[in-house]
Amino acid sequence: MKVTDQYLLEHHIKPSVQRVAIMDYLKANRTHPTVDEVYNALLPSVPTLSKTTVYNTLKLFAEQGAALCISIEEKNVRFDADIEDHAHFICLKCNKIYDIPMKSKAIQIVTADDFSITQTHLYYKGYCQECKDKK
């Protein structure tokens, strides 16, 4: 069994040609792509792919914990195959999104008795080194 097939099964997702292709793309392209970017990249190699399939598959990945849904931008939702705890930084000039390692788990703001927290998102905005140097 392929690694991606096993990964999807571990997240209770039935592997298909399209799902495997989308997950492989996410894992190989750590650029936090949008639905459109995934669709446009995969269409030449998976001609039967539709934008709706990409959207539904990425949504399923996020719901099942196989990928992260990132809403760091107002206009685009992006996706990340790295499901480990980390923060994200977006450059306000070039719009690239970077992963930022977290030294510890999310800061505990509330007691466990108050809520059942299933996910946290930590976003930073500013200028990357390359854009900062160009200013």
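This passage describes helix 2, the nonpolar core and the loop residue Asn76 in a predicted model.

Helix 2 covers residues 17-28. Its end C-alpha atoms lie 16 Å apart. At 1.5 Å a residue, 12 residues should span 16 Å, so the separation agrees with the expected value. Six positions of this helix are classed as buried: Val20, Ala21, Ile22, Met23, Tyr25 and Leu26. The cover over these buried residues includes helix 1 (3-10), helix 3 (35-42) and helix 4 (51-63). Strand 2 (78-80) is also part of that cover.

The largest nonpolar core comprises 22 residues. Within this core, Ile22, Val54, Leu58 and Phe61 have the most contacts. Two or more residues come from each of helix 1, helix 2, helix 3 and helix 4. Helix 2 gives the most, with six residues. In soluble globular proteins, nonpolar side chains tend to be buried together.

Leu58 illustrates the packing around one core residue. With neighbours within four places in sequence set aside, Leu58 is in contact with Ile22 and Leu26. Val35, Val38 and Phe79 are further contacts of Leu58.

Asn76 sits in the loop that joins strand 1 (68-70) and strand 2. Its relative accessible area is 31%, which means that Asn76 is partly exposed, because buried requires under 20% and exposed over 50%. Beyond neighbours within four places in sequence, Asn76 is in contact with Thr34 and Ile70. Thr4 lies 72 residues from Asn76 along the chain. The C-alpha atoms of these two residues are separated by 26 Å.

How values were computed: Residues numbered from 1 in each chain as written. Predicted model: local features only at pLDDT ≥ 70, side-chain atom pairs only at ≥ 80, totals over all residues. Heavy atoms only, no water. Helix = DSSP H or I, 4+ residues; strand = E, 2+ residues; numbered from the N terminus. Expected span 1.5 Å × (residues − 1). Buried < 20%, exposed > 50% of the residue type's maximum accessible area, 1.4 Å probe, protein only. Contact = heavy atoms within 4.5 Å. Core = buried A, V, L, I, M, F, W, Y, C linked by side-chain atoms within 4.5 Å.
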